[in-house]
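Visitor: I would like a close look at a single part of this model, together with an account of what surrounds it. Please take it slowly and work outwards from one residue.

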Amino acid sequence: MRERNTLARVGNNGEVPGINEAAIEEAGDDHIFTGHDTPMRPDAFDLTDSEKIKKIEYHFREIMETLGLDLQDDSLDGTPLRVAKMYVNETFSGLDPAAKPSITLFENSYKYGQMLVEKDITLFSNCEHHFVPFYGRAHIAYISDGKIIGLSKLNRIVQYFSKRPQVQERLTMQIGSELQQILGTKDIAVVIYARHLCVCARGIKDTRSSTVTSFYGGRFLMEETKNEFLNYLNL
Ligand SMILES: [Zn+2]
């Protein structure tokens with residue numbers, strides 16, 4: 001993993017370190033990420049949602065005006081507010097721990113001891129390096145250790161962690177370790193296939209490539225169990 005400070009260019013004679021733009025571009029295109037937890041500041045929730053919307057509206061208007069757009073135009077004048085509301089209430093709502101879905105577990109009264117696989121969970125997220133969408137499908141499997149989870153809750157957990165500026169690897173790990181915690185078992189697998197608009201529509205402009213990431217815990221680290229799971233994905 002690359003050290004964070006390789007992005008800074010330190011001057012020879014103690015001048016304020018500048019930012020190396022080429023290194024920033026490269027780190028973005030390489031989709032470098034720094035850890036399991038979404039990097040958040042301690043004061044992340046000092047502002048209310050409506051204060052955040054007002055502030056983002058102001059700054060998004062600045063961006064549009066800087067680009068030379070005429071905000072008096074009827075088609076554009078509502079865009080800063082729309083974007084601000086979308087960011088706070090939808091696209092990035094999963095930054096707020098209060099938005100985490102509440103999960104009720106059930107006893108595994110049927111004593112179902114095989115893996116349960118939920119395939120093709122639709123996923124929309126946003127790349128934290130470019131703030132453009134990546135989207136695809138998540139596949140989840142678990143082997144119950146006495147508790148079972150409602151199927152729709154698996155979708156909700158995927159949605160919750162997707163609604164953040166993300167890196168696909170971190171998203172996969174966050175979903176996997178959250179399920180391990182909720183279900184009280186290591187036996188969790190998560191595979192995500194996604195297309196990144198920052199790869200398809202800009203930069204290298206590869207419209208066909210997709211990215212696959214995986215998380216395997218407990219018995220899914222065993223070749224046989226992992227292969228059983230992967231075979232279900234091909235059904
Ligand atoms: Zn990106």
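Where in the chain is F131 found, in terms of the strands on either side?

Guide: F131 is found in the loop between β4 and β5. This is a predicted model, and the confidence values deserve a word before the details: the protein chain averages a pLDDT of 90, with 92% of the residues scoring at least 70. Residues 1-16 are another matter, since pLDDT stays under 50 over that stretch, for which the model has 17 contacts beyond four places in sequence.

The loop that holds F131 belongs to the hairpin of β4 and β5, which has 5 residues between the strands. Phi of F131 is near 55 degrees, a positive value in a residue other than glycine. Most residues other than glycine have a negative phi. F131 counts as exposed because it has 12 C-beta neighbours inside 10 Å. A second residue of this kind lies within one of the two strands: D120 is found in β4, and its phi is likewise near 55 degrees, a positive value in a residue other than glycine. D120, too, counts as exposed, because 11 C-beta neighbours lie inside 10 Å of it.

From the loop one can follow the two strands themselves. β4 and β5 pair in the antiparallel sense over 10 bridges, and in this pairing T122 stands opposite R137 of β5. The hairpin in turn forms part of an open sheet of 5 strands, in the order β7-β4-β5-β8-β9, with mixed pairing. The edges of that sheet are β7, at residues 165-166, and β9, at residues 211-216, each of which pairs on one side only.

On the side of β5 that faces away from β4 in the strand order, the neighbour is β8. β5 and β8 pair in the antiparallel sense over 9 bridges; Y142 stands opposite I188 of β8, while G136 has A194 in β8 as its bridge partner. β8 is largely enclosed by the rest of the structure, because 7 of its 9 residues are buried. β8 then pairs with β9, again in the antiparallel sense, over 6 bridges. In that pairing I192 stands opposite T213 of β9, and A189 has Y216 in β9 as its bridge partner.

Two helices lie across these strands. α4 lies across β4, β5 and β7, running at about 25 degrees to β4, whereas α5 lies across β4, β5, β7, β8 and β9, running at about 155 degrees to β8. The packing can be followed through the largest nonpolar core, which has 30 residues, and in which A138, V158, I175, A189 and V190 have the most contacts. At least two residues of this core come from each of β4 (115-127), β5 (133-143), α4 (151-162), α5 (168-183) and β8 (188-196). In soluble globular proteins, nonpolar side chains tend to be buried together. A138 illustrates how the pieces meet: leaving aside its neighbours within four places in sequence, A138 is in contact with I121, L123, V158, I175, V190 and I192.

β4 also has a link to a helix earlier in the chain. The buried residues of α3 pack against β4 and against α2, which covers residues 49-66; in α3 these buried residues are P80, A84, Y87, V88 and T91. The span of α3 invites a second look, for a straight helix of 13 residues would span 18 Å at 1.5 Å a residue, yet α3, at residues 79-91, spans only 15 Å between its end C-alpha atoms.

Finally, the part can be set within the whole. There are 7 helices and 9 strands in the protein chain, and its C-alpha atoms fill a box of roughly 60 × 45 × 35 Å along the principal axes. Of the 235 residues in the chain, 23% are buried. Among the contacts with a separation of 6 or more, 67% are between residues 24 or more positions apart.

How values were computed
Residues are numbered from 1 along each chain as its sequence is written. This is a predicted model: local features need pLDDT of at least 70, side-chain atom pairs count only at pLDDT 80 or more; totals for chains, interfaces and linings use all residues. A nonpolar core is a set of buried Ala, Val, Leu, Ile, Met, Phe, Trp, Tyr and Cys residues joined through C-beta atoms within 7 Å. A residue is buried if 20 or more other C-beta atoms lie within 10 Å of its own, exposed if 12 or fewer, and partly exposed in between; C-beta atoms are placed from the backbone. Helices (H or I, at least four residues) and strands (E, at least two) are DSSP runs, numbered from the N terminus. Two residues are in contact if their C-beta atoms, placed from the backbone, lie within 7 Å. pLDDT is the predictor's confidence in each residue, from 0 to 100. Two strands pair if DSSP finds at least two bridges between them. The expected span of a helix is 1.5 Å times one less than its number of residues. Axes are lines fitted to C-alpha atoms, for helices over the stretch in contact, and angles run from 0 to 180 degrees between N-to-C directions.
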